[in-house]
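Open the model in your viewer and keep the sequence panel visible. The stops below give a selection, then what to look for there.

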Amino acid sequence: METGAETRLFGDPEWIRDILDTGNTGLWSIVFDMKTGDGKMIASTTMLELLGLDEHPSPKACYAHWFSRIDPASVAYIRDCVAQMAETGRFMEVTYPWRHPAVGEMHVRCGGKLFSRQGDEIELRGYHQNISELVQLQRDNIRKERELEEIGREKERYNALFESVMCGIVQYRLLANGRGVFKSANSEAIRIFGYTPEAFWAVGEWNLEDLVAPEDWEDIRREISRLEKVGDSSPFEYRLRKRDGSPCWIIGRAEILVDEEGEAVFRSVFLDI
């Protein structure tokens with residue numbers, strides 16, 4: 001782009017003002033006496049709105065209005081930033097809570113640099129932006145991350161309990177062909193079935209009839225058919241058929257629930273009796 005075109009575009013005050021207004025960004029000039037600590041502020045229209053002012057007060061009053069509403073814990077931080085700008089001439093940026101006269105606490109991002117120096121007086125020029133929504137979004141993200149971490153810890157505790165209890169626990173879903181797929185099974189359940197973990201999980205699809213002694217299968221099939229919706233449950237006592245074909249009496253309860261993946265599954269909790 002040609003230099004003349006850049007000047008016409010970026011030198012257009014109305015266009016720049018619209019961009020700053022849309023971005024909730026005000027401009028300011030502060031004249032600060034490094035010896036006395038006195039200050040004077042000239043603020044743009046958007047800056048006045050961010051400060052909660054309907055019209056521009058005197059420069060001293062404008063500065064006092066802004067400075068008096070800085071979060072007390074941030075005052076030293078901001079003074080140090082001003083000192084660094086005066087000493088180095090570099091651009092500096094700070095974020096801090098500021099007490100708006102109408103809406104209460106808001107969070108602002110404030111950046112600027114040294115523009116001129118005359119004796120003990122320096123002039124700083126920069127911008128003031130309301131970033132309250134961004135800060136809230138960051139806080140929400142931190143809260144969600146902490147919630148996910150806690151969920152992870154709860155899952156670890158649950159898994160530890162799942163493996164340590166002295167009863168079998170399995171979760172499975174039925175397929176359209178009448179077979180079943182185990183989604184989870186603790187060590188005790190796998191032991192009762194007579195499998196090693198590797199052999200158990202290698203099966204994939206199970207013929208459920210193969211897991212029940214033949215003389216008990218019809219009773220179990222009828223009980224399973226009565227479980228139709230989430231929340232349905234039923235007690236059971238039957239002879240489970242182990243991997244080697246031998247029977248093992250178990251007692252427990254089966255129910256339908258929604259697992260952590262949002263899928264409706266059967267869960268059975270049982271004891272080897």
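The tour goes through a strand and its partners, then a single helix residue.

This is a predicted model, in which local features need pLDDT of at least 70 and side-chain atom pairs count only at pLDDT 80 or more, while totals for chains, interfaces and linings use all residues. Residues are numbered from 1 along each chain as its sequence is written, and side-chain values use heavy atoms, with hydrogens and water left out.

**Strand β6**

Select residues 168-174, which form strand β6. Helices (H or I, at least four residues) and strands (E, at least two) are DSSP runs, numbered from the N terminus. Five of the seven residues in β6 are buried; buried means under 20% relative accessible area, with a 1.4 Å probe and protein chains only.

**Partners of β6**

Add residues 264-272, strand β11, which pairs with β6 in the antiparallel sense over five bridges. Two strands pair if DSSP finds at least two bridges between them. Within this pairing, look for I169 opposite V269.

Next, add residues 180-185, strand β7, also antiparallel to β6 over five bridges. Here Q171 has S184 as its bridge partner. β6 and β7 form a hairpin with five residues between them. In the turn, pick G178, whose phi is positive, about 90 degrees.

**I220 in helix α9**

Move to residues 217-226, helix α9, and select I220. Is I220 buried or exposed? I220 is buried, at a relative accessible area of 11%. Neighbours within four places in sequence aside, I220 is in contact (heavy atoms within 4.5 Å) with V212 and Y238. Finally, set a distance between the C-alpha atoms of I220 and E237: the two residues are 17 apart along the chain, and the separation is 9.0 Å.

Note on methods:
Buried means under 20% relative accessible area, exposed over 50%, partly exposed in between (1.4 Å probe, protein chains only).
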